[in-house]
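Biologist: I should like a close look at one part of this model, the sheet and what packs on it. Please begin with a single pair of residues and work outwards from there.

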Amino acid sequence: MKNELDEIFIIGFCNVVSLSKVKGMNANMRIIIYTGKGGVGKTSMAAMTACKIAKSGKNVLVMSTDQAHSLGDSFDMEIGREETKIAEHLYALEIDTVYESEKSWGNIKDYFKQLLTLKGGSGIEVEELLVFPGLEELFSMFKILEVYESGAYDTIIVDCAPTGETLSLLKYPERLSGFIEKVLPIKRIGVKTVGKVVESAMKIPMPKDNVFDDIEYLMDKMKRLQNLLLDKETVSLRVVTTPEKIVISEAKRSFTCLYLYHYNVDAVIVNHVYPEKAMEGYFNKWVQAQARALQEIERSFSEVPKFYVELQTSELRTLEVLSDLGEQIFTECDPDEVLFTREVYEVNQAENYLRIYLPFADKDDLCLEQEQGELAVGVRNEKRRFPIPPEFADREISGAKFEDGYLYIKFAFLESSPQ
C-alpha cells in the first residue's frame with residue numbers, strides 16, 4: 001500500500017500524467033472550485049459562473065460542500081442532495097455531508113466504535129470521538145468525484161466551505177490514507193488465519209470482511225480524488241476576496257497553502273468593490289482605504305487573472321440577477337477555460353536543486369525536514385509531506401534558501417553513494 005501511495009504522490013509531484021487520459025474519464029470535463037474567507041460571496045460567484053457557462057449550451061452542475069448551505073438562497077428555490085434543474089443546461093445540489101459520510105465509511109466507523117466502547121460502554125462521547133475534523137468535508141468531495149466519473153456534465157462548479165475548512169478538505173486524501181494504515185495495520189489475510197486466537201486472547205474484536213471492503217473502497221477513492229485534484233487541465237481553484245486588508249491577508253495565506261499542495265489557482269475574484277458614485281458622503285473615508293486595498297491586490301496577484309465585482313444595487317439572488325452578473329464579469333473570457341497555470345515544482349538536476357513556489361510565504365514561517373525518502377515542507381501551521389523526486393533519491397539536503405517567493409532546496413550525494 002505504501003508503494004502505491006508513493007506512486008500517486010510522485011505522479012502529482014512530477015506532473016507526468018494527466019487524469020483525462022485515464023480510461024473512462026471525460027477528457028473535456030472541467031471542475032472549478034471557489035474558495036475564500038467566510039462572507040466574501042463565494043456562493044454568489046460560483047452561481048453566477050455556472051449561469052454564464054450554462055448559457056453557452058454546456059451542461060453545468062453547481063454544488064455546495066459547505067454544511068451551512070446557501071446555494072438554494074442564491075437561486076431562490078429549494079435545493080437538496082439530489083440534482084435540481086434550475087434552468088436549461090443548469091443543475092444544482094447541496095451535498096448532504098452526513099449521508100455521504102455514512103455511505104463512505106459506515107462499517108469502518110462501526111468497527112472503531114466497537115473498539116472504543118469495549119471498556120467504557122457507548123454514549124454521546126464515543127460518537128464525538130469518531131467525528132474527525134474535516135472528514136465529512138472529505139466525503140463531500142467524494143460526491144464531486146462520483147459526479148465527475150459519471151460524465152453526466154461538461155462542467156462542475158463547487159462552492160466550498162470557508163478557507164480553513166477547504167484547506168483541511170483538500171489535504172485529507174493525503175493525510176487520511178496514512179492514518180488508516182497506522183490505526184488498522186492488520187491485514188485481511190491475518191484476520192482469517194489468526195484472528196480468532198487474537199480476539200480470544202486480547203479480547204479485541206477483529207474487523208469483518210465488510211470493514212476491509214470499506215477500507216479498500218475508501219483508499220481507492222482517495223487515490224482517484226487526489227489524482228483528480230492535481231490535474232491542472234481539469235481542476236481550477238478560484239480565490240474570492242474583498243478589498244479589505246484582513247480579507248486580502250487571508251487570501252494570500254490560502255494562495256500559499258494551495259500552492260504548497262500543488263493545486264492550480266487560476267483566478268482571483270474581488271467582490272464587493274464600491275463604485276465611485278457610492279463613495280460620497282458617509283462613505284467618503286472609504287475611498288482611500290479601498291484604493292490601497294485594490295493596489296495591494298494588483299501588486300500581490302499580478303500574474304493571476306483578476307475579476308472585479310462591484311457592489312450591486314440589489315441582492316445577488318435569483319437566476320436572472322446571477323445570469324446578468326455573469327455576463328458583466330466575464331465579458332472578455334470564457335470562465336470555463338483554464339485561465340492561468342504555473343508549475344509549482346521544478347527539478348534542476350544539473351545544479352542539484354528542487355525549487356518550490358510558495359507565494360506570500362515568510363522565511364521565518366518555513367520549516368524543512370528530510371526523513372526516509374520524504375520531504376516535509378511547512379508554512380506556518382500547514383505541512384506537506386511528499387517523496388523526494390527520483391532524481392535526488394540517493395542524495396540528502398545540503399542547504400536551502402528562500403528567495404523571491406521560491407524555496408530552493410539543494411541536494412548532495414550521500415557519503416556512502418558514488419559521486
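Which residue in β4 stands opposite K85?

Modeller: K85 stands opposite Y91 in β4. The model is a predicted one, in which local features need pLDDT of at least 70 and side-chain atom pairs count only at pLDDT 80 or more, while totals for chains, interfaces and linings use all residues. Residues are numbered from 1 along each chain as its sequence is written, and side-chain values use heavy atoms, with hydrogens and water left out.

Strand β3 (residues 84–87) runs antiparallel to strand β4 (residues 90–94), and three bridges join them. Strands here are DSSP runs of E of at least two residues, and helices are runs of H or I of at least four, both numbered from the N terminus; two strands pair if DSSP finds at least two bridges between them. With two residues between them, β3 and β4 form a hairpin, and H89 in its turn has a positive phi of about 70°.

This hairpin belongs to an open sheet of eight strands, ordered β3-β4-β2-β5-β1-β6-β7-β8, with mixed pairing. At its edges are β3 and β8 (306–310), each of which pairs on one side only. On average, neighbouring strands of the sheet are turned by 25° against each other, direction ignored; axes are lines fitted to C-alpha atoms, for helices over the stretch in contact, and angles between N-to-C directions run from 0 to 180 degrees. Strand β7 (residues 265–273) pairs with β8 in the parallel sense over four bridges, and V268 stands opposite K306 in β8.

Helix α2 (residues 42–55) packs on the sheet and touches β1 (30–36), β2 (60–64), β4, β5 (155–159), β6 (235–241), β7 and β8. Its direction makes about 165° with that of β5. Helix α10 (residues 245–260) lies across β1, β6 and β7, and runs at about 165° to β6.

The largest nonpolar core, a set of buried Ala, Val, Leu, Ile, Met, Phe, Trp, Tyr and Cys residues joined through side-chain atoms within 4.5 Å, has 70 residues. Buried means under 20% relative accessible area, with a 1.4 Å probe and protein chains only. I31, I33, M63, I356 and L358 have the most contacts inside this core (heavy atoms within 4.5 Å). Helix α6 (residues 135–150) gives the most to this core, with eight residues. Not counting residues up to four places away in sequence, I31 touches I144, Y148, I156, V158, L228, T234, V235 and S236. Another core, of 31 residues, lies apart from the largest one and includes M45, C51, I157 and L316.

Notes:
Buried means under 20% relative accessible area, exposed over 50%, partly exposed in between (1.4 Å probe, protein chains only).
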